[in-house]
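The following note is offered for your review of the structure shown below. It proceeds from strand pairing to charged pairs and enclosed space.

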Amino acid sequence: MNKLISQVKDFDYKLPPELIAQRPAPRRTDSRLLVVERSSGTLSHQRFRDLPEYLISGDTLVLNETQVRPARLRGVKTTGAKVELLLLREVEPGRFSALARPAKRLPPGSQVHFKAGLRGEIIAAGEAGERLVELTADGPLTEALAKAGELALPPYIRETQADESRYQTVYAAKSGSAAAPTAGLHFTQELLDQLTDARVNTARLSLDIGLDTFRPMSVAALDDHQMHAEDYSIGATAVQQLRQARESGGRLLAVGTTTVRALESWAVSTAAGQPGSYRTDLFIRPGFDFQLTDMMLTNFHLPRSTLLVMVSAFAGSELIKQAYQAAIEAEYRFYSFGDAMLIL
């Protein structure tokens with residue numbers, strides 16, 4: 001891999017702050033859609049509702065049906081200090097990997113009280129503010145978590161949201177993520193039905209979005225970045241649908257970078273072709289040989305992020321730079337509540 005695509009600084013760009021979307025579009029399909037054609041390098045400006053024009057009978061839409069859980073817990077230590085935990089993953093029953101804020105107030109042994117009779121004890125400290133916390137409650141833990149927890153919107157979204165359901169996809173089914181698979185936020189059930197009527201198939205998998213969504217790369221070289229692992233699962237029905245799509249020559253449209261990561265992790269693992277639940281720390285970067293992703297639907301990502309690196313690996317670094325510059329000049333809305341990009 002040459003130096004031009006191995007340095008984190010080469011995946012940087014300047015975004016005017018006013019282009020960071022603070023709220024979703026009035027209607028999900030009102031979002032803009034930048035269509036990027038890899039073969040010709042052409043860019044075109046559309047609306048998300050125009051997506052069916054780019055799909056044909058036999059194509060398969062692959063969705064990440066993970067549901068955002070109320071992962072943010074605001075609590076008080078026995079000393080009276082206010083603290084916050086962002087639950088990332090349940091590593092064993094009742095014990096969670098979490099981001100702590102402020103981390104210095106939560107060394108191992110700290111006791112925290114939350115709403116709904118939920119209590120926490122910090123068991124161990126990790127890097128960059130990560131903590132292992134054991135949670136207990138007077139009643140069922142899941143019920144206490146549902147009552148005490150809040151949806152964890154990304155830190156660049158500073159406005160209070162009137163409708164938190166807009167940070168869930170309409171097809172969310174399996175609770176487990178700390179963040180939404182944002183490329184899927186643009187779909188309505190009506191649009192999904194329209195695609196079904198056009199004989200576009202739909203396959204569903206699940207990847208629980210974790211730590212790397214919240215942290216940009218802090219190293220100079222891609223080789224030095226350590227990806228955190230995420231859990232994903234692919235059921236027997238999805239496996240059959242993916243196999244049929246490949247055998248019939250149909251194209252796979254991966255909705256979101258999380259779907260891409262699950263598909264490609266599965267494809268290159270010893271579990272390829274088999275349904276099940278797995279874990280991945282795959283870092284998709286320029287030079288990666290994509291096995292299953294024919295098209296990608298994605299939002300616009302933060303500078304110096306692993307997600308921007310993945311998109312650049314799929315479409316080419318120079319073409320993605322051009323696309324992002326075109327989106328900035330056309331005043332697209334960026335990040336979680338922003339507009340979308342379709343890469344063909």
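Two strands are taken to pair if DSSP finds at least two bridges between them. The model under discussion is a predicted one.

1. The β1-β2 hairpin. By that criterion β1 and β2 are paired, with five bridges in the antiparallel sense. Within this pair, Val35 faces Ser44 of β2. The two strands make up a hairpin with six residues between them. In its turn, Gly41 has a positive phi of about 75°.

2. The open sheet. How many strands form the open sheet, and in what order? There are nine, arranged as β2-β1-β17-β16-β14-β3-β12-β13-β15, with mixed pairing. The edge positions are taken by β2 (43-47) and β15 (276-280); each has a single partner strand, so one side of each is left without a neighbour in the sheet. On average, and with direction ignored, neighbouring strands of this sheet are turned by 25° against each other.

3. A parallel pair in the open sheet. Strand β3, residues 60-64, is joined to strand β12, residues 201-207, by five bridges in the parallel sense. One register point can be given here: Val62 has Ala203 of β12 as its bridge partner. In general, side chains in a regular strand alternate between the two faces of the sheet.

4. The barrel. A further set of six strands closes into a barrel, in the order β5-β6-β7-β10-β9-β8. Its pairing is antiparallel. From one strand to the next, the twist averages 45°.

5. Pairings of β5 in the barrel. Strand β5 (residues 72-77) runs antiparallel to strand β6 (residues 82-92), and five bridges join them. Gly75 is found opposite Val83 of β6. These two strands form a hairpin with four residues between them, and Gly80 in the turn has a positive phi of about 95°. Strand β5 also pairs with strand β8 (residues 111-113), again in the antiparallel sense, over two bridges. There, Lys77 has Val112 of β8 as its bridge partner.

6. The β6-β7 pair. Strand β6 is further joined to strand β7 (residues 95-101) by seven bridges, the two running antiparallel. Leu87 and its bridge partner Ala98 in β7 belong to this pairing.

7. Salt bridges overall. Side chains of opposite charge can pair when their charged atoms come close. The count for this model comes to 20 salt bridges. A network of such bridges links Arg72, Arg74, Glu84, Arg101 and Glu150.

8. The pair Asp10 and Lys9. The side chains of these two residues meet in a salt bridge, at 3.7 Å from N to O. Are the two partners buried or exposed? Asp10 has a relative accessible area of 18% and is therefore buried, the limit being under 20%. Lys9, at 52%, is exposed, because the limit for that class is over 50%.

9. The pair Glu159 and Arg23. A salt bridge joins these side chains at 2.6 Å, N to O. Distant parts of the chain are linked by this pair: Glu159 lies in the loop between α1 (141-148) and β11 (174-177), whereas Arg23 lies in the segment before β1 (32-36), 136 residues apart. Glu159 is partly exposed at 31% relative accessibility, and Arg23 is likewise partly exposed at 45%.

10. The pair Arg279 and Asp231. Here the side chains meet in a salt bridge of 2.8 Å, N to O. Arg279 belongs to strand β15 and Asp231 to strand β13 (residues 230-234), so the salt bridge ties together parts that are 48 residues apart in sequence. Arg279 is partly exposed, with a relative accessible area of 41%. Asp231 also counts as partly exposed, at 24%.

11. Enclosed space. Rolling a probe the size of a water molecule over the atoms shows where empty space is left. How many cavities of 30 Å³ or more does a search of the whole structure find? The search finds one. The volume of the largest cavity is about 70 Å³. Its lining consists of Pro24, Ala25, Arg28, Ser31, Arg166, Leu185, His186, Ser336, Phe337 and Gly338. Sorted by class, the lining of the largest cavity comprises four nonpolar, four polar and two charged residues.

How values were computed
Residues are numbered from 1 along each chain as its sequence is written. This is a predicted model: local features need pLDDT of at least 70, side-chain atom pairs count only at pLDDT 80 or more; totals for chains, interfaces and linings use all residues. Side-chain values use heavy atoms; hydrogens and water are left out. Axes are lines fitted to C-alpha atoms, for helices over the stretch in contact, and angles run from 0 to 180 degrees between N-to-C directions. A salt bridge is a side-chain nitrogen of Lys or Arg within 4 Å of a carboxyl oxygen of Asp or Glu. Buried means under 20% relative accessible area, exposed over 50%, partly exposed in between (1.4 Å probe, protein chains only). On a 1 Å grid over the protein atoms alone, a cavity is a set of points where a 1.4 Å probe fits but cannot get out, and a pocket is an open set with protein on both sides within 12 Å along at least five of seven lines; lining residues have an atom within 4 Å of a point. Grid points are joined across faces, edges and corners, and a volume is the space filled by probe spheres set on the points. Ala, Val, Leu, Ile, Met, Phe, Trp, Tyr, Cys and Pro count as nonpolar, Asp, Glu, Lys and Arg as charged, and the others, Gly among them, as polar.
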